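Please open the structure in your viewer and keep the selection tool at hand. We will go from stop to stop, and at each one I will suggest what to pick.

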Amino acid sequence: MLDAARLRADFPLLRQRENGHPLVYLDNAATTQKPQAVLDAITEYYRTTNANVHRGAYDLAIRATEAYEAARAKLAGFVNAWAPEGVVFTRGTTEAINLVAGAYGRAHVRAGDSVVVTAMDHHSNLVPWQILCQEKGATLRMVEITEDGRIDLSDYGRALERRPKIVAFPYVSNALGTVNPAAQLARLAHAVGAVVVVDGAQSTPHLRVDVQALDCDFYALSGHKMLGPMGSGALVAKPELLDAMPPYHGGGEMISRVWDDHSTYNTIPHKFEAGTPNVEGAVGLAAAIAYLEGVGPERIAEHEQALAAAAIERLAQIEGVTVYGPRDHRAGVVSFTYGDIHPHDIATILDQDGICIRAGHHCAQPLMRRLNVPATARASFYLYNGLDDVDVLAGGLVKAGALFGYVPA
Amino acid sequence: MDTSPPDPQLSALYQDLILDHYRRPRNKGTLDDATHAVSLNNPLCGDEIDLQLRVDGDVIKEARFIGRGCSISQAAASMMTQLLKDRSIPQALALADRMSAMMHGDEAAARDKALGELRALAGVSKFPVRVKCALLPWNALTDAIKA
């Protein structure tokens with residue numbers, strides 16, 4: 001395992017106390033804390049390099065452009081993108097998926113076509129497709145999950161029989177932690193001619209991601225879930241697909257020549273980056289990637305799997321706790337319920353001990369309906385969490401049980 | 001492992017009376033002859049309530065609810081339906097105001113016997129993110145009356 005206590009020292013926020021207790025931050029699937037190196041990169045950018053990009057005739061603007069494009073190259077390398085121009089910076093995963101639905105989807109999906117999603121998709125990889133299908137008169141087909149929280153491969157096969165135009169799924173489930181067989185799912189979808197969209201919000205921070213090995217077509221990610229700033233993220237795509245797509249947002253930067261009644265567009269990726277981009281976000285994200293590379297994505301994945309396994313084992317010892325999701329093929333996300341104690345009550349009680357967890361539907365209401373629970377409590381780990389955090393979590397749950405009359409205090 | 005006793009604010013929040021209403025909700029169900037009905041949910045946390053009233057003239061003769069959610073929202077709904085029986089509409093709206101005041105820290109409201117068992121929820125005011133839980137059934141009530 002990683003030396004979590006040593007890594008924690010790199011994160012200023014994690015030194016603070018909450019409600020009189022050391023902060024135990026276990027909501028990393030929602031967002032992650034930022035290391036000093038990321039904070040420094042953002043400050044340094046504004047202290048020394050800030051200017052608008054891609055249009056300045058002066059050296060400062062050239063340096064700002066170089067910093068922005070270097071961040072793009074850094075991200076391209078991190079996920080083994082097809083090419084740096086196949087990396088479009090967005091506000092995050094949500095905007096990246098909306099870009100695919102709004103530009104590729106609108107151009108290619110017609111009445112009677114089908115689009116496939118899964119019952120474990122986050123609302124951000126569901127609602128854009130609902131909107132597209134409603135607009136086009138297309139059918140949205142939701143693939144079922146198995147009882148232990150995996151994509152039901154036989155139902156997936158049935159969904160593909162309709163030869164969908166687009167197949168979208170998460171690499172890692174934000175609510176269950178399931179690591180899906182993304183390469184296999186992509187291969188099956190390609191065999192029927194579909195274009196494959198992977199929600200990489202929960203995989204990019206926690207696994208070694210290689211989009212070319214996955215052989216998907218579009219891959220969406222969020223910077224803030226991988227130690228980078230909020231409002232940073234990207235769509236990583238096959239350049240030939242991006243090239244053939246109509247634009248998404250219109251405005252400055254994305255144009256080539258503008259006439260009174262029409263325009264020609266810039267080359268990719270700029271065609272999809274209308275307006276002044278979030279350069280600070282890109283620079284911060286590049287610093288976050290450098291930090292993650294320093295630790296090593298494989299070691300991070302191994303560390304989180306060990307934490308999840310330890311948490312599942314500890315929670316299983318508490319009578320009344322149910323853990324959702326598969327036993328193996330999972331990331332550092334542990335979703336659970338505890339008897340009839342509502343997850344919000346669990347979260348309030350844990351918060352008094354400085355423990356931050358998520359309680360609710362995790363933006364996955366169709367999944368919650370299938371699990372037959374209104375909500376779950378979710379602890380999600382990252383590289384700065386250690387086995388000590390698992391102990392504190394288990395202790396907090398015992399306390400919650402005592403308050404609700406489960407175990408003698 | 002931390003074995004210190006629970007925080008006093010937490011003990012005040014999760015009193016036996018609240019847990020009793022959470023686990024044995026009063027007036028849970030539906031009315032065949034409802035005159036008012038409303039469904040309300042909190043999209044952030046997913047708490048849900050379907051509230052039904054039978055109003056005769058100006059008087060709430062009966063109130064029932066079906067709900068899913070945390071102990072605070074469900075106990076608040078259970079206690080509210082008890083309190084509403086045989087109240088006039090203006091009295092019910094005045095109680096809703098009183099409840100809202102208590103949730104926002106008004107100590108006089110927290111001592112107001114008119115709120116009955118709901119006073120057990122006074123501790124919720126110390127947990128700002130949970131105030132919306134306690135007020136969900138009351139918001140359903142005002143929606144139902146004004147609809």
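Which residue is the bridge partner of A:S114 in β6(A)? Select A:S114 and look across to the neighbouring strand: the partner is A:T139. Keep in mind throughout that this is a predicted model.

**Stop 1: β5 and its partner**

Extend the selection to the two whole strands, β5 (114–118) of chain A and β6 (139–143) of chain A. Five bridges link β5(A) to β6(A), and the pairing is parallel. Now colour β5(A) by burial: five of its five residues are buried. Show the side chains, and you can sort them by direction: A:S114, A:V116 and A:T118 point one way, while A:V115 and A:V117 point the other way.

**Stop 2: the whole sheet**

Zoom out to the open sheet of chain A, in which seven strands follow the order β4-β10-β9-β8-β7-β5-β6 with mixed pairing. The edges are β4 (87–90) and β6 (139–143) of chain A, each of which pairs on one side only. With direction ignored, neighbouring strands of this sheet are turned by 20° against each other on average.

Inside the sheet, pick β8 (residues 195–199) and β9 (residues 218–222) of chain A, which run parallel and are joined by three bridges. To find one of the contacts, select A:D199, whose bridge partner in β9(A) is A:A220.

**Stop 3: a helix with two faces**

Next, select helix α6 (residues 153–160) of chain A, where the buried residues are A:Y156, A:A159 and A:L160. Why do these residues lie on the same side of α6(A)? They do so because they cover an arc of only 100° around the axis. Turn to the face away from this buried side, and you meet the exposed residues A:S154 and A:G157. The cover over the buried residues of α6(A) includes β5, β6 and α7 (182–191) of chain A.

**Stop 4: a hairpin**

Move on to strands β11 (residues 255–258) and β12 (residues 263–265) of chain A, an antiparallel pair with three bridges. Together β11(A) and β12(A) make a hairpin, with four residues between them. Click on A:V258 to find its bridge partner in β12(A), A:S263.

**Stop 5: helix α14**

Now pick helix α14 (residues 387–403) of chain A, which has 17 residues. From first C-alpha to last, α14(A) reaches 25 Å, close to the 24 Å expected at 1.5 Å a residue. Its buried residues include A:V390, A:L393, A:L397 and A:K399. Step just past the end of α14(A) to A:G405, which takes a positive phi of about 80°.

**Stop 6: across to chain B**

Show both chains and select the contacts: 18 residues of chain B meet 22 residues of chain A. On the chain B side, these residues comprise 10 nonpolar, three polar and five charged.

Finish within chain B at B:N27, in the loop between α2 (16–23) and β1 (36–41). Is B:N27 buried or partly exposed? B:N27 is partly exposed, because 19 other C-beta atoms lie within 10 Å, and a residue needs 20 or more to count as buried. Leaving aside residues up to four places away in sequence, B:N27 touches B:A63, B:R64, B:F65, B:S78, B:T81 and B:Q82. For a last distance, pick the C-alpha atoms of B:N27 and B:V124: they are 97 residues apart along the chain and separated by 22 Å.

Methods:
Residues are numbered from 1 along each chain as its sequence is written. Chains are lettered from A and ligands numbered from 1 in the order in which they are written. This is a predicted model: local features need pLDDT of at least 70, side-chain atom pairs count only at pLDDT 80 or more; totals for chains, interfaces and linings use all residues. Two strands pair if DSSP finds at least two bridges between them. Axes are lines fitted to C-alpha atoms, for helices over the stretch in contact, and angles run from 0 to 180 degrees between N-to-C directions. Two residues are in contact if their C-beta atoms, placed from the backbone, lie within 7 Å. Ala, Val, Leu, Ile, Met, Phe, Trp, Tyr, Cys and Pro count as nonpolar, Asp, Glu, Lys and Arg as charged, and the others, Gly among them, as polar. The expected span of a helix is 1.5 Å times one less than its number of residues. A residue is buried if 20 or more other C-beta atoms lie within 10 Å of its own, exposed if 12 or fewer, and partly exposed in between; C-beta atoms are placed from the backbone. The arc is that of the directions from the helix axis to the C-beta atoms.
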